[in-house]
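Student: I'm new to this one and would like a close look at a single part of it. Could you walk me through the helix that sits against the sheet, and what lies around it?

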Amino acid sequence: MDLIALAKNPVPSGATTGYFNCPGKIKLRFARWQATRGPERGTVCLFQGRGEFIEKYFEVVADLRRRGFGVATMDWRGQGGSSRMLSNPNKGFVRSFADFDQDLAYFMKEVVLPTMSKEFASVDPKYAEMNCKTCHGKGAEDKTFKMPNPDLPHLPTTQEGFAKIKQEKPKVLQFMVTVVKPKMAALLKEPEMDPATKTGEFGCQKCHVFGEGTAKTP
Ligand code: HEC
Ligand code: HEC
């Protein structure tokens, strides 16, 4: 059990919880919930104050979910269920705010890149050389890492458009649908988009822009 429930402060139902690794053998505890009422209005990323922890926000989480928001939250290093930086676990400590910033980039470097380049290379060996730029494009240079990346091939907005890709590039399409999308969704611990029901947030749109644009349509 990653979250601690008290009689008067139960864990909101349906939590996805776990730990992710950061440099220096740091483990950070996270939790996510989907909205309990539609229509889904987005996900609130709840970052706590100094000395706080996920459990303190259970009531807020439940309120947000009832209003149609998913919630994602984590314990900062040195707090709650995350690793301590000092031998005294009761003292919070962080060298600089940049440490907090780095945690996400390391997750990408340690987990996402090695896993995905192996998958991509199984389709085309040129992707063994895959790096942050393959997905992030200019965002890897200016360090914004903004996704979706408009320089990746734009995807069509129509059924006919998809039928054309299916005919011309069946292997790549198959790979994107059956490997890249589910694998990335699992790595990022985001529910995978199901085009039939339009539920779940991680779909092609996280990486690719849809519609006409500067980049060539595939
Ligand atoms: C396989 C494709 C892929 C590769 C390779 C990849 N990323 Fe990402 N990255 C993503 C996706 C997709 C997101 C958006 C996740 C989301 O929105 O849930 C993301 C998000 C990020 C973010 C958060 C951006 C923000 O807006 O807050 C950072 C930082 C980041 N990546 C850094 C990196 C670094 C550094 C590397 C190389 C070590 C890297 N990524 C390699 C796909 C990739
Ligand atoms: C994690 C990011 C990511 C996700 C999610 C993703 N793609 Fe891709 N896609 C890429 C990358 C990276 C390339 C390779 C671009 C390159 O070679 O420059 C690519 C290439 C493609 C291509 C062009 C292949 C070619 O050879 O021209 C198509 C078509 C495509 N993706 C379709 C999809 C579809 C459909 C989905 C959703 C089911 C999807 N992609 C999901 C990252 C992603």
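Tutor: Here is a walk from the whole chain to the sheet, then to that helix and its surroundings. Keep in mind that this is a predicted model. The mean pLDDT of the protein is 85, and 89% of its residues reach 70 or more. Among the elements, α1 has the highest mean pLDDT, 96, while helix α2 (residues 97-123) has the lowest, 73.

Let's get our bearings. The protein has six helices and four strands, and along the sequence they come in the pattern β-β-β-α-β-α-α-α-α-α. Of the 218 residues, 15% are buried.

Now the sheet. Its four strands make an open sheet in the order β1-β2-β4-β3, and the pairing is mixed. β1 and β3 are the edge strands, each pairing on one side only. On average, neighbouring strands here are turned by 25° against each other, ignoring direction. Start at the β1 edge: β1 (residues 16-22) pairs with β2 (residues 26-33) in the antiparallel sense, over seven bridges. One spot to look at is G18, whose bridge partner in β2 is F30. The two strands form a hairpin with three residues between them, and G24 in that turn has a positive phi of about 75°. Moving across, β2 and β4 also run antiparallel, joined by four bridges. There, W33 has V71 in β4 as its bridge partner. Hold on to W33, as this residue comes back below.

On to the helix itself. α1 lies across β2, β3 and β4, and runs at about 155° to β4. Which of its residues are buried? They are V61, L64 and R65. They sit on the same side of α1, because the arc they cover around the axis is only 100°. What covers them includes β2, β3 and β4. Turn the model around and you'll find exposed E59 and R66 on the face of α1 that points away from the buried side. Just after the helix comes G68, with a positive phi of about 95°.

What does that buried side help to build? The largest nonpolar core has five residues, namely W33, V61, L64, F69 and V71. Both α1 (58-66) and β4 (69-74) supply at least two residues each. That fits a wider pattern: in soluble globular proteins, nonpolar side chains tend to be buried together. Here W33 is a handy place to look from. Leaving out residues up to four places away in sequence, W33 touches V61 and R65, along with G70 and V71, and also P12, G14 and A15.

One last stop is the loop between β3 (42-46) and α1, where you'll find I54. Is I54 buried or exposed? It counts as buried, because 25 C-beta neighbours lie inside 10 Å and 20 are enough for that label. Beyond its neighbours within four places in sequence, I54 is in contact with L3, R29, A31, T73, D75 and G80. Take G80 from that list: this residue is 26 residues from I54 along the chain, yet their C-alpha atoms are separated by 7.1 Å. Such long-range pairs are a good share of the whole: among contacts between residues at least 6 apart in sequence, 58% join residues at least 24 apart.

Methods. Residues numbered from 1 in each chain as written. Chains lettered and ligands numbered in written order. Predicted model: local features only at pLDDT ≥ 70, side-chain atom pairs only at ≥ 80, totals over all residues. Core = buried A, V, L, I, M, F, W, Y, C linked by C-beta atoms within 7 Å. Buried ≥ 20, exposed ≤ 12 C-beta atoms within 10 Å, placed from the backbone. Contact = placed C-beta atoms within 7 Å. Pairing = 2+ DSSP bridges. pLDDT = per-residue confidence, 0-100. Axes fitted to C-alpha atoms, helices over the stretch in contact; angles between N-to-C directions. Arc of directions from axis to C-beta.
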